[in-house]
Amino acid sequence: MHLDLRTVSIKPLRQTFDRVAARIGGDKPASRYQEATLDVQSDANFHYRPLWDQEHELYDASRTAVKMVDWYAFKDPRQFYYGTYTLARARMQETAEGDFDFVEERGLASKYPSAAKELALEVLLPLRHVEWGGNMNNTSICAYGYGAAITQPCIFQAMDHLGMAQYLTRTGLLLGDVEDLDSAKQAWLADAKWQPLRHYVEDTFVLQDWFELLVAQSLVLDGLLYPLVYQHFDNALSEQAGPVVSMLTRFQSEWYAEHSKWVNATLKTAVGESAANRQLISQWTKSWRDRALTALAPVAALALGEKAGAVMAELHEEFNARAVKFGLTL
């Protein structure tokens, strides 16, 4: 019997969804990111206003003073939608689990110098509560923000912050014990060194403008805290006692490098939209930057001692240079 195998090319009648085709053209195939992001959010037929906020629709662009002609102008340079996000985090988590296993199996935590261990626990464990604040704030942005292009990455970041709080807890249990977690909680609640940062975090909980919250959390607090702790403090610990803590906090360091790309792209788009946006976001950034520098100064002194002043000045300068690159005036 003879079989004649031939290749048949079938042209699809539609390349993508109508909502996506309206933006990129009907004759173009769309990426998974575009199909999972563009015009996903409902914008009509809400039927009633929320009983808890009758000034606004369920999804309402007027919840922020920032104005955009198109809220889907925002693009994630990482191209994260649920599928790519979970795959990326699975790879990072696999690396982190390997690091924790390596430290535990070889008894590196018990061999870690006691002075460095005590300092690491004192600095890192209260940050669990900062991470929980990051989870709350990004969830709030997702709830009240407008357009899936910006709310989608925020709910991903909310889960990232929750995961990093858990990694800090595991670090504390590996280097110390449950009593150290309790001591860190009491330090967060009562120790004078942590109260300015706690004040900052708790004030962000009641911000009404969700885009200002994005600036205060993702640009300012993350942009100053992560370099301070996971670069400068981490380097100081490594010089003093070796790279054990660096291994246990690798996730946070790698996450911040990736996260900054999205923050930069988002702010550049919003600032470039109009002079009014630039002025407003610059004002927010300057105000929260000054508060964050004040709030982090005692933490830097605890972590870095006499080097704290120089490091904070360096972080201030680096932050300003970063902000100027995407158009802010500080």
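Where is the place of aspartate 39? In this predicted model, aspartate 39 sits in the loop between α2 and α3. Its phi is near 55°. That is a positive value in a residue other than glycine. The side of the surface question is settled by accessibility. Aspartate 39 has a relative accessible area of 26%, so it is partly exposed.

Stay in the loop. Asparagine 45 also lies between α2 and α3. Its phi is near 60°, again positive in a residue other than glycine. Asparagine 45 has a relative accessibility of 66%, and the cut-off for exposed is over 50%. Asparagine 45 therefore counts as exposed.

Now move further along to tryptophan 71. This residue is found in the loop between α2 (32–37) and α3 (82–105). Is tryptophan 71 buried or exposed? Its relative accessibility is 6%, so tryptophan 71 counts as buried. The limit for buried is under 20%. Leaving aside residues up to four places away in sequence, tryptophan 71 touches Ala61, Thr64, Val66, Tyr146, Ala149 and Trp210. Take alanine 149 from that list. Tryptophan 71 and alanine 149 are 78 residues apart in sequence. In space, their C-alpha atoms are 7.4 Å apart.

Next comes a helix. Glutamine 152 has its place in helix α7, which covers residues 148–175. What does glutamine 152 touch? Its contacts are Tyr33, Ala36, Thr37, Phe80 and Tyr81, with residues up to four places away in sequence not counted. Glutamine 152 has a relative accessible area of 14%. Buried means under 20%, so this glutamine is buried.

Finally, turn to the largest nonpolar core. How many residues does this core hold? There are 94. Leu127, Leu197, Phe211 and Ile281 touch the most other members. Which helix gives the core its largest share? Helix α10, residues 210–241, supplies 18 residues.

Isoleucine 281 is one of the four residues that touch the most other core members. Its contacts include Phe211, another of those four. Isoleucine 281 also touches Val66, Val215, Leu267, Ala270, Val271 and Leu328. Residues up to four places away in sequence are again left out of that list. Val66 ties back to the loop residue discussed above: tryptophan 71 touches Val66, and isoleucine 281 touches Val66 too.

Note on methods
Residues are numbered from 1 along each chain as its sequence is written. This is a predicted model: local features need pLDDT of at least 70, side-chain atom pairs count only at pLDDT 80 or more; totals for chains, interfaces and linings use all residues. Side-chain values use heavy atoms; hydrogens and water are left out. A nonpolar core is a set of buried Ala, Val, Leu, Ile, Met, Phe, Trp, Tyr and Cys residues joined through side-chain atoms within 4.5 Å. Buried means under 20% relative accessible area, exposed over 50%, partly exposed in between (1.4 Å probe, protein chains only). Helices (H or I, at least four residues) and strands (E, at least two) are DSSP runs, numbered from the N terminus. Contact means heavy atoms within 4.5 Å.
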